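Biologist: I am new to this structure and would like a close look at a single part of it. Please start there, take your time, and let that part lead you on to its surroundings.

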Amino acid sequence: MAEPLKAVEPELDTFPRLLLQHARVRPQRPAMREKEYGIWQTLTWADVAAEVRAIACGLATLGFKRGDRLAIIGDNRPRLYCTVAACQCLGGIPVMLYQDAVAEEMAYVLQDAEVKFAVVEDQEQVDKMLEVKDQSATLEHVIYDDPRGLRHYTQAFLLGLAELQEMGRIHDRNQADFLDGEIAKGSSDDISVMLYTSGTTGKPKGVCQTHRAFIAAARGGIQFDRLTEAEDILSYLPMAWVGDHLFSFAQAMVAGFTINCPESGETVMTDLREIGPTYYFAPPRVFENLLTQVMIRMEDASRIKRAIFHKYLDVARRCGADILDGKPVGLGDRIQYWLGNLLVFGPLKNVLGLSRIRVAYTAGAAIGPDLFRFYRSLGVNLKQLYGQTETCAYVCLQPDGQIKLDSVGVPAPAVDVKLAENGEILVRGPMLLKAYYRRPDATAESINAEGYFMTGDAGFFDEDGHLKIIDRAKDVGKLVDGSMFAPNYIENKLKFFQYIKEAVCFGNGREGVTAFINIDLEAVGNWAERRGMAYAGYTDLASQSAVYELMRECVGQVNEDLATDPKMRGSQVQRFLVLHKELDADDGELTRTRKVRRNFIAEKYAVLIEALYAGRASQRIETQVKYEDGRTGVVAADLRIEDARTVGLDPLKQAA
């Protein structure tokens, strides 16, 4: 039975009304901070309300109407978050785009969503808009926040955000009741945002979410983790990602806490340390990178420092998570842990910017048990959640004191979760999408007759009612001998090693499992340098015998783990190769949220898959790549193919 949510007051059932409430109740509390030129600038709730008012009235001056779509593109910036709220004030629909998407990808969304206005961060994004303007028939106005580099741009449809706001202030002075009247027209069932799916299997779909849905998801998370207006969160993940919209916009708008925007992608770690957030969200890859950096630095430390670090890390692994969960721990271990916190854990959390964290979440992919245990043992209250774009990133949460390393927790407040006969996870609740934009067929297919959204994920409940995710339901298959094949499950186990950045497994309908591996250039590069190995770049390093032996050891350990599970024993990886290039979203191999586009990769690298199953020792491959500046090139290599160490399996039969 789903835990209920407290009732919402009618006057607080849309985001603009919530914003006005904060401006009345806590006008001088910090709402947003942005680091600019090395200095943190603060906007209070009163400031944010004034900024939003000016943007909204400026848009109205340009002819923005209720129901119009407005694209927002750029890094996390207070004025872009304000633009989201301004668009909602007028009854418009903000459409979030990934700032690192190439112009062609943006053109698809602009066309599909029939975008009329675009508010972008800087010259880079303006240039993309200019490139696709002719393909976007409905696009009329492009408004930019940062004017640097745009002095000589003369296109009539370009306008600075500062100029738009000045127009808005004049409009507001002349029609003082206009904006309040527009906000009053708003309904909780209006679409509050359009977020596009990652498009792992086809073209992305526009997910239309209402004010009611996102406010319900935000309030549920706040209620579950007892969040208050005193929280600080670092907003650095793409604004187009559902997780950022929930944590950095919706929850901040409901709870009234502060969102902090880093100066740039390169300064995130420095800014994280300076802010010291109390509430933090990051995908597993970020936590993995943090740990990798720590371990690399410790390898270069003195012998005494390494000894102290590993001594107290053992103490933390033994009792740290139990202390965090309030479980009974012996006095001796408590004293040892206290010393460890003084000498190691405290300074380490301070360096990582995690000293003040009260609640931290990860989602988007499975997180390795060792990685999860590491952070919790240090005293970081790291938890997992489960959700999708269509559910406002809100389905399951892990309760404090009931953390399981291999589950995503229990159904969140007001959410009903059940399993279909084939193991697919079905969810129902106030956070479900209203529709896929202009896709009534897809909307109808995604929600069954009982009103449950069909997630496409396969899983099961354990004896305590915690949900465990196996894989995407459509990806779960069988080997020739009938053994279950869950590629994502195996890939995640491989990626738990700091040396492996990405993995793609194959095996459905085949004799056995094989894998492509991407090494982590930083981690493997440091490992190679400490052994005096010279290399000229990724392709050179990936081909070296010692690196293959390192990968063989990682794969072997995964196989030993799989061999202990009767369901997965037959799915051990039997052959593998290390790819000559990193899988890249610009090359179409990953989505913008770094999810593997499995079918695309299988088609693009069909010759390598054939070689893996044909028993060859090597295979020549030439691959076209796209560089950041738009140029294309070719990366060629002779890839070695290795047999993996397996437990109790016959060697993979060669193709006839």
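Modeller: Let us start with the nonpolar patch, to which helix 12 (303–324) and helix 13 (331–352) each contribute at least two residues; helices (H or I, at least four residues) and strands (E, at least two) are DSSP runs, numbered from the N terminus. What we are looking at is a predicted model, in which local features need pLDDT of at least 70 and side-chain atom pairs count only at pLDDT 80 or more, while totals for chains, interfaces and linings use all residues. Residues are numbered from 1 along each chain as its sequence is written, and side-chain values use heavy atoms, with hydrogens and water left out.

The patch covers about 560 Å² of surface and is built from Ile 304, Ile 308, Trp 338, Leu 342 and Leu 343. Such patches take residues with over 30% relative accessible area and no salt bridge, joining like charges within 9 Å and nonpolar side chains (Val, Leu, Ile, Met, Phe, Trp, Tyr) within 5 Å; the areas come from the Shrake-Rupley method with a 1.4 Å probe, and for residues only the protein chains shown count as cover. Helix 13 gives the largest share, 3 residues, and Leu 342 lies in that helix. Leu 342 counts as exposed because its relative accessibility is 53%, where exposed means over 50%, buried under 20% and partly exposed in between (1.4 Å probe, protein chains only).

From this surface we can turn to the interior, where helix 17 (residues 521–529) has Ala 523, Val 524, Gly 525, Asn 526, Trp 527 and Ala 528 buried. These buried residues pack against helix 11 (284–299), strand 25 (513–519), helix 18 (538–542) and helix 19 (545–563), contact here being heavy atoms within 4.5 Å.

Strand 25 leads on to an open sheet of 4 strands, ordered 24-25-26-29 with mixed pairing. Strand 24 (500–506) and strand 29 (642–643) stand at its edges with a single partner strand each, so one side of each has no neighbour in the sheet. Two strands pair if DSSP finds at least two bridges between them; strand 26 (residues 573–578) runs antiparallel to strand 29 and is joined to it by 2 bridges, with Arg 575 having Asp 643 as its bridge partner.

The edge strand 24 also takes part in a salt bridge, in which the side chains of Lys 501 and Glu 582 meet at 3.2 Å, N to O. Lys 501 lies in strand 24 and Glu 582 in the loop between strand 26 and helix 20 (598–604), so the pair ties together parts that are 81 residues apart in sequence. A salt bridge is a side-chain nitrogen of Lys or Arg within 4 Å of a carboxyl oxygen of Asp or Glu, and by this rule the count comes to 51. Lys 501 is partly exposed, with a relative accessible area of 24%, and Glu 582 also counts as partly exposed, at 29% relative accessibility.

A further salt bridge has its partners buried, for the side chains of Lys 404 and Asp 462 meet at 2.7 Å, N to O. Lys 404 sits in the loop between strand 15 (396–397) and strand 16 (410–411) and Asp 462 in the loop between strand 20 and strand 21, so this pair ties together parts 58 residues apart in sequence; both Lys 404 and Asp 462 are buried. Strand 20 (residues 453–461) and strand 21 (residues 467–472) run antiparallel and are joined by 5 bridges, with Phe 460 opposite Lys 468. Those two strands form a hairpin with 5 residues between them, and Gly 465 in the turn has a positive phi of about 80 degrees.
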